[in-house]
Amino acid sequence: MPVPTSTFSTRQRSQFWRRLQIVDCSHGVRLPWRCGARIGVETTGIEDRMRAVMTALSRVEQRLPGRGMFGPAPITIARPNGPAKRWSRGTPAATSTRVRVVSVVHETADAVTLVLQTVDGRPVPYRAGQYLTHCFPIDGSVVKRAYSISEPEGGRLACTVKCIEGGVVSGFVASRIAIGYEYTVLGPSGDFVMPEDPRAPLAFLAAGSGITPVISMIETALHRDTVAPIRLVYAARSEPEAIFASRLAALAIQNPHLSVFMEWSRSRSAGGAPGRLTGEQAANSLSAGAATHVFLCGPTALMDATATALHDRGLPAQQIHRERFYPAPRHTQHLPAGPQTLRFASSNATVSQRPGETILDAGLRHGVRLDFSCTVGGCAACKVRVLDGNVTVDEPNCLTAEERADGFVLACSAYALDSTTIDA
Ligand SMILES: Cc1cc2nc3c(=O)[nH]c(=O)nc-3n(C[C@H](O)[C@H](O)[C@H](O)COP(=O)(O)OP(=O)(O)OC[C@H]3O[C@@H](n4cnc5c(N)ncnc54)[C@H](O)[C@@H]3O)c2cc1C
Ligand code: FES
């Protein structure tokens, strides 16, 4: 295997070596992935390790052309005011924005980043961790999906989409979208955002495409004027499938207070290791102290198990934040075939819901003021209580069991089955 050349100085290389060896000592034979190479997992002798380090260095250099590994500190970016929190009465209606794709970046074999610019040139302020609802005209109808913003606050507007086998929208994005394509986005939406206090220690667990909002938060946190520790545990099936691997490598090298631990589920199984990451293992690796805010984005089972393990270790529930990448709404239930009468009690309006129309669509069409944001059942901004009548809601959605029991539905994903009165 040829050793790649590197232009890093001797001092930079020795600093890099020292940090790798510290990580190595503290983790024994299972050296966590750091700085872009699976050092200690695939390598055996010192020669192999040296080659792996040099490979990692050269990757990082490609990522940061013209900048040293320990180059100037990133500039601090002012935090824009984000939209209101999920449950607030003041949640603003979603802003509809026409955007143009100005770049398509192939992150892995099945993940692309769409870099967007607004057609009217106005910036779209967002909080790191939020998402946009993307509206694509596919086969004669508008299909909406949420995709998280994958750049730090104040950066480019960009979302990263992982292609899912048989996926309507992710397949459309992968095969049909090119530079110059124009479409509409709603939002930004979501309350998967960091605390304002820059001194708060942060820990992140991401799996698969769950890294998308997480990298935005990590880069935003690193731009803050703070040295609070940041820890990332990132699970992917294998290194080539890990989205943003080299970007994370660069960040880990540039920022000593950022620790990145990678878990390859396929490699671990192949090596006879324990297989998929468990909640206990994730909680151990997150190593959250009493003041740490932990952010989880991945499969529901892993998030639930990790949250339970963290809670058992004494971390308060309000410091454990989750983002669920719910599958798109499915119309699994029988929808009304004819028009239905909808009464909005607080607005004192009675409207007619057309067949196939949601309560939100029917209300907005008649000028009723209703809050909404994602429109795909993922944010609960459109939560309303049913006072009377029968309503069916697309599943799955983000309503909790308590909210369902209290008679709440999501107006964006709900259909009146007969004459219905809504508390809105
Ligand atoms: C708040 C939020 C943020 C999101 N951010 C991102 C993001 O940054 N990047 C990203 O790639 N995706 C993200 N998603 C998921 C995304 O919105 C879509 O659900 C996903 O791309 C699948 O849409 P599709 O039309 O391709 O698949 P569909 O045609 O809707 O579904 C095809 C098949 O895939 C399954 N499926 C649907 N969604 C998922 C999923 N997320 N994981 C596994 N299987 C699924 C379905 O059950 C179905 O069997 C986010 C979702 C939410 C709610
Ligand atoms: S608008 Fe987000 S759940 Fe309805």
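The legends below accompany close-up views of a predicted model of the protein.

**View 1. The whole chain, as a setting for the closer views.**
The secondary structure of this predicted protein comes to ten helices and 18 strands, and of its 424 residues 40% count as buried. When contacts with a separation of 6 or more positions are considered, 70% of them in the protein are accounted for by residues that stand 24 or more positions apart.

**View 2. Helix 7 crosses helix 8.**
Helix 7, formed by residues 279-286, and helix 8, formed by residues 300-312, have axes that come within 8 Å and cross at roughly 60°. An angle of 65 to 115 degrees would count as roughly perpendicular and one under 35 degrees as roughly parallel, and the two helices are therefore described as oblique to each other. The crossing of helix 7 and helix 8 is right-handed. On the side of helix 7 the contact is made by G279, E280, A282 and A283, while helix 8 contributes L302, A305, T306, T308, A309 and L310. Sorted by character, the residues of this contact between helix 7 and helix 8 divide into six nonpolar, three polar and one charged.

**View 3. Strand 8 beside strand 9.**
Strand 8, which spans residues 230-236, runs parallel to strand 9, and seven bridges join the two. One pair to look for is A235, which stands opposite E263 in strand 9. Strand 9 itself, made of residues 258-264, is mostly covered, since six of its seven residues are buried.

**View 4. An open sheet of five strands.**
Five strands form this open sheet, and reading across it gives the order 13-12-18-14-16, with pairing that is mixed. The edges are strand 13 (349-353) and strand 16 (408-410), each of which pairs on one side only. Neighbouring strands of the sheet are turned by 40° against each other on average, with direction ignored.

**View 5. Strand 14 and strand 18 within the sheet.**
This view returns to two strands that stand beside each other in the order 13-12-18-14-16. Strand 14, covering residues 383-388, and strand 18, covering residues 420-422, run antiparallel and are joined by two bridges. To find one of the bridge partners, start from D388 and look to strand 18, where the partner is T421.

Terms used:
Residues are numbered from 1 along each chain as its sequence is written. Chains are lettered from A and ligands numbered from 1 in the order in which they are written. This is a predicted model: local features need pLDDT of at least 70, side-chain atom pairs count only at pLDDT 80 or more; totals for chains, interfaces and linings use all residues. Axes are lines fitted to C-alpha atoms, for helices over the stretch in contact, and angles run from 0 to 180 degrees between N-to-C directions. Helices (H or I, at least four residues) and strands (E, at least two) are DSSP runs, numbered from the N terminus. Angles under 35 degrees count as roughly parallel, over 145 as roughly antiparallel, 65 to 115 as roughly perpendicular and the rest as oblique. A crossing is left-handed if the near helix is turned anticlockwise from the far one by less than a right angle, and right-handed if clockwise. Two residues are in contact if their C-beta atoms, placed from the backbone, lie within 7 Å. Ala, Val, Leu, Ile, Met, Phe, Trp, Tyr, Cys and Pro count as nonpolar, Asp, Glu, Lys and Arg as charged, and the others, Gly among them, as polar. Two strands pair if DSSP finds at least two bridges between them. A residue is buried if 20 or more other C-beta atoms lie within 10 Å of its own, exposed if 12 or fewer, and partly exposed in between; C-beta atoms are placed from the backbone.
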